[in-house]
Amino acid sequence: MIRVNENYLKLKSSYLFSEIAQRVAAYQKENPSAEITRLGIGDVTRELPKACIDAFHSAVDELGSIATFRGYGPEQGYDFLREKVAQVDFHSRNADIAADEIFISDGAKCDTGNFQELFANDIKIAVPDPVYPVYVDTNVMAGRTSDFDDGRYGGLVYLECNRENGFVPALPKEKVDLIYLCFPNNPTGATITREQLKLWVDYAKKEKALILYDAAYVAFIRDPEIPQSIYEIEGARDVAVEFRSFSKTAGFTGTRCAYTVVPKSLMVYDKSGNAYPLHGFWNRRHTTKFNGVSYPVQRAAEAIYIGDGPRQVKDLIDYYMTNAKLIREKMSQLGYECTGGINSPYIWINTKTDSWEFFDTLLRKAHVVTTPGSGFGKCGNGYIRISAFNNKEKVEKALDRIAAALK
Ligand code: MLT
């Protein structure tokens with residue numbers, strides 16, 4: 001008899017964004033003429049930067065000629081991309097990260113979800129609340145929690161993020177081994193200061209804990225004082241893994257490319273306290289389960305670092321940030337308290353009412369899809385998230401409809 005991994009029975013029936021998609025599809029079926037604007041899932045709508053398209057085309061042409069054809073590439077990614085990443089994303093910020101500490105992959109969702117495989121099952125895990133659901137669900141699947149009860153899984157330490165702490169969690173009162181942090185934050189759009197981040201790095205050092213730092217939205221940081229990488233903080237190399245993505249930076253949600261940084265000085269421990277470099281374990285996992293990102297995609301990703309690529313990427317980000325500003329301003333004018341949208345593409349809105357109810361009001365009365373805050377955790381109830389990823393004209397019209405609906 002084939003038996004199921006019973007941890008899957010603990011999961012809520014569907015992944016948040018699938019549930020939203022189902023509700024929207026049902027509404028659209030009942031109301032086929034409704035023109036629905038999607039400001040829910042953070043999915044990009046603009047075309048890829050020209051530099052990426054050109055690089056893509058010429059890489060495809062290379063595959064079409066016997067002289068330049070390539071088969072399997074290195075699982076960890078081609079050096080041409082790893083070296084640019086190390087140089088531009090880290091060295092230029094005084095962060096000491098080498099090219100061979102960078103693992104190119106097909107997505108930060110996969111990497112943040114898969115990384116927990118490397119750790120023992122009885123570690124103590126801290127997750128922010130609200131939180132990107134992937135961090136929690138993958139630990140549920142792995143059996144690190146008990147059942148879901150009253151909006152939370154037993155066995156996890158929830159780090160509450162709320163308006164009082166500016167959506168930046170305080171250090172846990174109890175000792176934890178693994179900490180998930182995400183800044184600029186998905187879903188709240190909040191950012192963390194250097195001083196606040198240092199507290200976490202110091203905590204992790206003291207407790208021999210590990211921080212999984214998701215920086216997928218780094219490209220949206222405008223304020224030069226805000227750290228872009230956790231490795232800008234002294235000592236972080238020894239306690240943190242960082243995840244980055246080309247999805248939101250360069251419009252790669254459908255193209256798929258990301259990377260994970262695992263410094264060689266980062267140690268993990270066995271039961272007796274013997275230390276091992278984590279880099280070797282992730283390398284082992286990655287080379288066993290993954291065959292690398294395709295050559296044209298890596299060439300397209302490389303293009304954001306060279307020639308006119310950086311300017312084109314900046315234009316793309318500026319475009320979405322104009323939307324973010326419009327959304328923040330309009331929702332504030334309508335009397336809603338907003339977080340995010342300044343150094344982040346997400347605007348986190350205090351609805352002062354049940355999240356799903358507000359979601360339904362906006363869907364039915366304004367034909368706008370948002371994301372209910374409660375889908376990100378208990379502390380998210382009473383909020384919705386609006387994403388800036390859409391075309392400006394659609395965002396403007398959606399905001400007019402929201403204003404009319406909320407009158
Ligand atoms: C989101 O909307 O939170 C993200 O698009 C989801 C993701 O990147 O997987």
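**Exercise 1.** Locate Asn274, classify its exposure and list its contacts.

Solution. Asn274 sits in the loop that links β11 (267-269) to β12 (275-277). Here helices (H or I, at least four residues) and strands (E, at least two) are DSSP runs, numbered from the N terminus. The relative accessible area of Asn274 is 39%, so the residue is partly exposed; buried means under 20%, exposed over 50%, and partly exposed in between (1.4 Å probe, protein chains only). Contact means heavy atoms within 4.5 Å. Leaving out residues up to four places away in sequence, Asn274 touches Val268 and Tyr269.

The model is predicted: local features need pLDDT of at least 70, side-chain atom pairs count only at pLDDT 80 or more, and totals for chains, interfaces and linings use all residues. Residues are numbered from 1 along each chain as its sequence is written, and side-chain values use heavy atoms, with hydrogens and water left out.

**Exercise 2.** Trace the open sheet of seven strands, then place helix α3 on it.

Solution. Step one is the strand order, which is β2-β10-β9-β8-β7-β3-β6, with mixed pairing. Two strands pair if DSSP finds at least two bridges between them. The edges are β2 (102-105) and β6 (156-160), each of which pairs on one side only. From one strand to the next, the twist averages 20°. Axes are lines fitted to C-alpha atoms, for helices over the stretch in contact, and angles run from 0 to 180 degrees between N-to-C directions.

Step two is the pair at the β2 edge. Four bridges join β2 to β10 (residues 258-261) in the antiparallel sense. Within this pair, Phe103 has Thr260 in β10 as its bridge partner.

Step three is the helix. α3 (residues 79-90) packs on the sheet and touches β2, β9 (240-245) and β10. The direction of α3 makes about 115° with that of β2.

**Exercise 3.** Work out how strand β14 is covered and which strands it pairs with.

Solution. Start with burial. β14 (residues 346-350) has five of its five residues buried, so the strand is largely enclosed by the rest of the structure. In a regular strand the side chains alternate between the two faces of the sheet. In β14, Tyr346, Trp348 and Asn350 point one way, while Ile347 and Ile349 point the other way.

Next, take the partners. β13 (residues 337-340) runs antiparallel to β14 and is joined to it by four bridges. Gly340 stands opposite Ile347. The hairpin of β13 and β14 has five residues between the strands, and in it Gly341 takes a positive phi near 80°. β14 also pairs with β17 (residues 383-387), in the antiparallel sense over five bridges. In that pair Asn350 stands opposite Tyr383.

**Exercise 4.** Find the cis peptide bonds at Pro130 and Pro184, and the positive phi angles at Asp150 and Arg256.

Solution. Most residues other than glycine have a negative phi, and most peptide bonds are trans. Begin with the prolines. The bond from Asp129 to Pro130 is cis, with omega near 5°; Pro130 is in the loop between β3 (125-129) and α5 (133-141). The bond joining Phe183 and Pro184 is also cis, with omega about -10°, and Pro184 is in the loop between β7 (178-182) and α6 (194-207).

Then turn to phi. Asp150 is not a glycine, yet its phi is positive at about 55°. Asp150 lies in the loop between β4 (148-149) and β5 (152-153) and is exposed, with a relative accessible area of 56%. Arg256, likewise not a glycine, has a positive phi of about 70°. Arg256 is in the loop between α7 (247-250) and β10 and counts as partly exposed at 30% relative accessibility.

**Exercise 5.** Are the loop residues Thr370 and Thr255 buried or exposed, and what does each touch?

Solution. Thr370 is in the loop between β15 (368-369) and β16 (371-372). Thr370 counts as buried because its relative accessibility is 0%. Its contacts, not counting residues up to four places away in sequence, include Ile20, Leu39, Phe359 and Ile386.

Thr255 is in the loop between α7 and β10. Thr255 also counts as buried, at 19% relative accessibility. Leaving aside neighbours within four places in sequence, Thr255 is in contact with Leu48, Phe56 and Val297.
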